[in-house]
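Student: Hi! Could we go through this protein together, a bit at a time?
Tutor: Sure, ask away.

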Amino acid sequence: MKRLILTIVVLSCCLFAKAQIVIDTISTEALNEVLIEQVERLADDSDEDANYNYEELLEQYIFFIDNPINLNSDDIIELLELRLISVFQCEALKKYRRYYGDFLFLEELEMVEGFDEQTLSIIAPIVYVGKDNSKDKITLSKMARYGKHQVLGRYEQILEHQQGYDPISDSALLAKPNSRYLGSPQRYQLKYTYNYRNKIRAGFVLEKDPGEMFFTDNVSDTIKALLGDKYRRGFDHIGFHLYAKDLGIVKAAALGDYQLSFGQGLTMWTGMNYGKVVTGSSVMKQGRGVAPKTSASEYSYMRGAAVTLGGGPFRGTVFYSNRMVDANITVTDTLDEAEYISSLQETGYHRTIGEILDSRAIRQQVVGGHLSFAVSHFEVGYTLHHTWLSAALLLNPSNYNQYYFQGRQLTNQGIDFKYVKGKFAFFGEGAMCFNTDSTALIQAEGLSRFAGLIGMSVKPAGYLNFTLAYRDYGKAYQNLFSNAFGEGSRNQGQRGMYLGVEVAPAPYWNIQAYADLFKFTWLTSQVYAPSWGHDYYLRLSHSFNRRTTAYLQIRSKTKMKNSTDGFVFSRYPIFYTKNSVRFNINYSVRDFHFCNKAEYAHYRNEDGSNSHGFFICQDVAYKPENKPFSLSFRYALFDTDDYDSRVYAYENDVLYSFSVPALYGKGMRMYLLGKWQIINNLTLYARIGSTIYRDRDEIGSGLTLIEGNHKTDLKVELVWKL
């Protein structure tokens, strides 16, 4: 009876409330906005030597658009892992189901505490309501009948000629081995994926980057002899995965390429890091454990096998990875194998002789496990893993890398915890490392090899949320797979305090803000002295109606770097500040969708130098209902004094691809994106973009140099779904 009354109330609200949002499971505009904001924010921090894998982030969102999450299953935890809902909203979902049973329809979400219009519009495209079939028996006949197949082929190319593809003689190439790309300028990608009800997943990905050799090349016999067994043709990267979950006691199992993420990321977290703020002020991570690696990225992943077993409150994971990684070889032994390396390479490019000789240079093996115990509102976990390198890593000595990992072996362990109840959430992780090959400096000083993160999130009211987090990463803490919250990508030699807040002061209004104060306790590659800084962020957003949303974003970031004053004998640290203000409005008129965006950036050095940057663009998308095609167009103008005042602007792209160019100088940027559903299961995407500069006659430098003032990129993609 209570459920019947609730159903009537919800339906009445949906029919008669004037300002009630209408959930549209076809439209993905709100979800796209979340993705765009995440990628642009990460790109804006890319000067911190972080390797953000945007493709992996994009694939996670698109996967769940094609394979939505059942609100009546335990898979709702995926919404938390994607940062689309907060931990309090996740708990509210579980509580609602305990009290009222399974959801009967999607609009029922409006009765769940903490689910406002903005959250509903974001998650609507990737959720559905249905019977929970997670416990159903899996058979080969069901897998063959209900499994989903997808094949994707993509071609990309910069149309203008680049200097790296100029003809060159063998003698000149041998004298300067990195003066020419050995392959063609095209990028090719071929990907196949299979999915059965999000429980069984399999697939492979093949990729060839621009400049890499393919099936045909112009490499002479002399160069082939120099490359030896490193001379390969065809796709440069080959990845594959087989993944299963929720098979009785087997909670997850992976074979081939996979990702690992536990706790808050201090001990083990491969793959994507979501940055400082994604949804609201929460910085608490929700590890996915074992997950398939489906993207074409060539770094930060495992290759081997992993399995998670669970029963009652306990879960245990064991994993092993064995793969060849790129490295810069400095010394080889009598068998012509690497004995010492000076650095590990993570670009994934194998275009020049030097890059090819560094490819798959050493073997990296990782073995470890994770044990967790969860009861009621509390969860605690322990992670341990050991890494072997087939050759010793000996870095070229510098002022800032004296505490970096060196040697062949490294052991990491950590304890993480999480407690969520009512309006409070506490989380944290402590980790330590052990390296028998530590540098003499570390051994002599007995420095702390500890790193710790602790925080809390409080939701005193449905419209208010605070998060406070403190981190202290020792300068001797070393980890090749650490990816925790912090400033930059290296969880080492850093302390910081973060305070974030999210408030909804009125219906359809939302305010997000944070302040992050940080200090580097040792030298970095940017400043040869201990340094400090702060990062302030404010975002005010408003939904005028279902078709019109807008936001105003302000960010101010201050850090230190080495002075480049030529009149000073030795470098000394100075402060620099980058301020940016952005206004964005999205609105729709029938089948047309518009976006206007304007941004101003100001970069100021302590020595008095200043630079400014402006960006403005108009996006127009035509997406007619019940038509097999759509078009998107952008026209943008930018004017910046230099690279420091650059602006990053996300661009719509073909499926599973991304484009976030750094715009600086004076010029304009345009692109046209088209989508055509040729038949029911076959879709063609095509995109052409062009950047035209008014302040230069050359674009790029080195091997990427283009003579002229314009650069044109082309992408064509074909997707076949069965």
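Student: Is asparagine 195 buried or exposed?
Tutor: Asparagine 195 is buried, with a relative accessible area of 6%. Buried means under 20% relative accessible area, exposed means over 50%, and partly exposed is in between (1.4 Å probe, protein chains only). Before we go on, this is a predicted model: local features need pLDDT of at least 70, side-chain atom pairs count only at pLDDT 80 or more, and totals for chains, interfaces and linings use all residues. Residues are numbered from 1 along each chain as its sequence is written, and side-chain values use heavy atoms, with hydrogens and water left out.

Student: Thanks! Where is asparagine 195?
Tutor: Asparagine 195 sits in strand E4 (residues 186–196). Strands (E, at least two residues) and helices (H or I, at least four) are DSSP runs, numbered from the N terminus. The C-alpha atoms of asparagine 195 and lysine 148 are separated by 5.1 Å, although these residues are 47 residues apart along the chain.

Student: What about asparagine 198, what is its phi?
Tutor: The phi of asparagine 198 is near 60°, a positive value in a residue other than glycine. Most residues other than glycine have a negative phi. Asparagine 198 is in the loop between E4 and strand E5 (200–208), and it counts as buried at 10% relative accessibility.

Student: Which arginine has a positive phi too?
Tutor: Arginine 360, with a phi of about 45°. Arginine 360 lies in the loop between helix H10 (353–358) and E13, and at 27% relative accessibility it counts as partly exposed.

Student: Switching to helices: how far apart are the end C-alpha atoms of H5?
Tutor: They are 20 Å apart. Helix H5 (residues 87–100) has 14 residues and should span 20 Å at 1.5 Å a residue, so the two values agree. The expected span is 1.5 Å times one less than the number of residues. The buried residues of H5 include Val87, Phe88, Leu93 and Tyr96. Just after H5, glycine 101 takes a positive phi of about 85°.

Student: Okay, salt bridges. How many are there?
Tutor: A search of the whole structure finds 30 salt bridges. A salt bridge here is a side-chain nitrogen of Lys or Arg within 4 Å of a carboxyl oxygen of Asp or Glu. One of them joins lysine 721 and aspartate 66, at 3.2 Å from N to O. Lysine 721 lies in strand E33 (residues 710–721) and aspartate 66 in helix H3 (residues 54–66), so this pair ties together parts that are 655 residues apart in sequence.

Student: Are the partners buried or exposed in that one?
Tutor: In between: lysine 721 is partly exposed, with a relative accessible area of 30%, and aspartate 66 counts as partly exposed at 24%.

Student: Which salt bridge has two buried partners?
Tutor: Try aspartate 619 and arginine 634, which are both buried. Their side chains meet in a salt bridge (2.7 Å, N to O). Aspartate 619 lies in strand E25 (residues 610–622) and arginine 634 in strand E26, so the pair ties together parts that are 15 residues apart in sequence.

Student: And aromatic rings, how many pairs?
Tutor: The count comes to 29 aromatic pairs. Rings of Phe, Tyr and Trp (its six-membered ring) pair if their centres lie within 6.5 Å; planes under 30 degrees apart count as stacked, over 60 as edge-to-face and the rest as tilted. Phenylalanine 314 and phenylalanine 373 form a tilted pair, 5.0 Å centre to centre with 50° between the planes. That pair links strand E10 (residues 314–325), which holds phenylalanine 314, to strand E13 (residues 362–375), which holds phenylalanine 373, 59 residues apart. Tyrosine 643 and tyrosine 664 form an edge-to-face pair, 5.1 Å centre to centre with 90° between the planes.

Student: What lies over the face of tyrosine 643?
Tutor: Arginine 646 does, at 4.1 Å from the ring centre. A charge sits over a ring if NZ of Lys or CZ of Arg is within 6 Å of the ring centre and within 35 degrees of the ring normal. Tyrosine 643 counts as partly exposed at 42% relative accessibility.
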